[in-house]
Amino acid sequence: DLILSIASCFQSPPTQSIAVAVIASRIPFVVSVSVPANAPLRVVLDAQGILGLTSLPVASLIVGGNLFFAQQHGFSQSGASYGLVVTVAMSRLVLVPMLALGAFAALQSADLVPDSVSDDPIKKLVQLLVFTMPTANNLVTMCELAGHSQSAASAMLLIQYAIAPLIITTSAA
């Protein structure tokens with residue numbers, strides 16, 4: 001049963017491409033023809049970099065389109081009740097940061113965190129920001145690709161981004 005669940009994870013194209021990339025990175029010939037600046041297949045890595053740079057604007061366009069759709073047809077028809085949206089937002093922006101910061105404090109008290117991390121205030125601020133940021137735009141993109149309720153995911157993101165500044169400010173204070 002466990003083996004089948006692990007095998008089912010490898011059925012998605014992103015997971016398969018990561019596995020192929022990890023295996024290919026261990027083959028010296030593949031690295032020599034694709035990684036150096038003058039390598040013949042360097043254009044493939046450059047193209048991947050350009051495509052990667054376009055992912056955030058495309059995801060933002062998808063989120064914006066879904067928010068517009070939800071606004072035109074009403075958030076009540078988006079498939080998510082206000083209670084669900086607020087519950088998801090509060091759990092993502094309050095509960096998850098509390099658990100993550102608690103886990104970090106526990107690791108720190110057990111001396112499992114290097115002093116260079118625990119003493120640096122910038123690193124603490126980055127951890128706080130990472131833990132308290134709203135769900136990524138990729139949520140809506142994944143819903144779009146899977147054919148699920150994109151409007152509901154967009155509504156959840158809208159509420160999260162609306163209340164995130166208040167929660168982040170309160171957490172940082």
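**A guided look at a helical chain**

Guide: Let us start with the largest pocket of this predicted model, whose volume comes to about 320 Å³.

Visitor: What makes a space in the protein a pocket?

Guide: On a 1 Å grid over the protein atoms alone, a pocket is an open set of points with protein on both sides within 12 Å along at least five of seven lines, whereas in a cavity a 1.4 Å probe fits but cannot get out. The volume is the space filled by probe spheres set on the points, which are joined across faces, edges and corners.

Visitor: Which residues are closest to the centre of the largest pocket?

Guide: Ser17, Ala21, Val44, Leu45 and Gln48 are the closest of the 15 that line the pocket (lining means having an atom within 4 Å of a point). Helix H2 (13–25), helix H3 (28–34) and helix H4 (42–73) each give two or more residues to this lining.

Visitor: How many residues of that lining are nonpolar, polar or charged?

Guide: The lining has 10 nonpolar residues, five polar ones and no charged ones. Nonpolar here covers Ala, Val, Leu, Ile, Met, Phe, Trp, Tyr, Cys and Pro, charged covers Asp, Glu, Lys and Arg, and the others, Gly among them, are polar.

Visitor: What secondary structure does the chain have?

Guide: The chain has nine helices and zero strands (helices are DSSP runs of H or I with at least four residues, strands runs of E with at least two, numbered from the N terminus).

Visitor: Why is leucine 128 called buried?

Guide: Buried means under 20% relative accessible area, exposed means over 50%, and partly exposed lies in between (1.4 Å probe, protein chains only). Leucine 128 has 11% relative accessibility, so it counts as buried. Leucine 128 lies in helix H7 (residues 121–132), and beyond its neighbours within four places in sequence it is in contact with Leu101, Ser171 and Ala172 (contact means heavy atoms within 4.5 Å). The C-alpha atom of leucine 128 is 9.8 Å from that of methionine 98, a residue 30 positions away along the chain.

Visitor: How do you know that glutamine 127 is buried too?

Guide: Glutamine 127 has a relative accessibility of 17%, and therefore it is called buried. Helix H7 also holds glutamine 127, which touches Phe104 and Val117 once residues up to four places away in sequence are set aside. Across the chain, 21% of the 173 residues are buried.

Visitor: Why is valine 86 called partly exposed?

Guide: Valine 86 is partly exposed because its relative accessibility is 43%. Valine 86 sits in helix H5, with its C-alpha 8.2 Å from that of glutamine 160, although the two are 74 residues apart in sequence.

Visitor: What makes aspartate 111 exposed?

Guide: Aspartate 111 has a relative accessible area of 67%, so it is exposed. Aspartate 111 is in the loop between helix H5 (82–109) and helix H6 (115–118). Its phi is near 60 degrees, a positive value in a residue other than glycine.

Visitor: Which elements have the lowest and the highest mean pLDDT?

Guide: Helix H8 (residues 138–146) has the lowest, 65, and H3 the highest, 90 (pLDDT is the predictor's confidence in each residue, from 0 to 100). The chain averages 79, and 85% of its residues score at least 70.

Visitor: What stands behind these values?

Guide: Residues are numbered from 1 along each chain as its sequence is written, and side-chain values use heavy atoms, with hydrogens and water left out. In this predicted model, local features need pLDDT of at least 70 and side-chain atom pairs count only at pLDDT 80 or more, while totals for chains, interfaces and linings use all residues.
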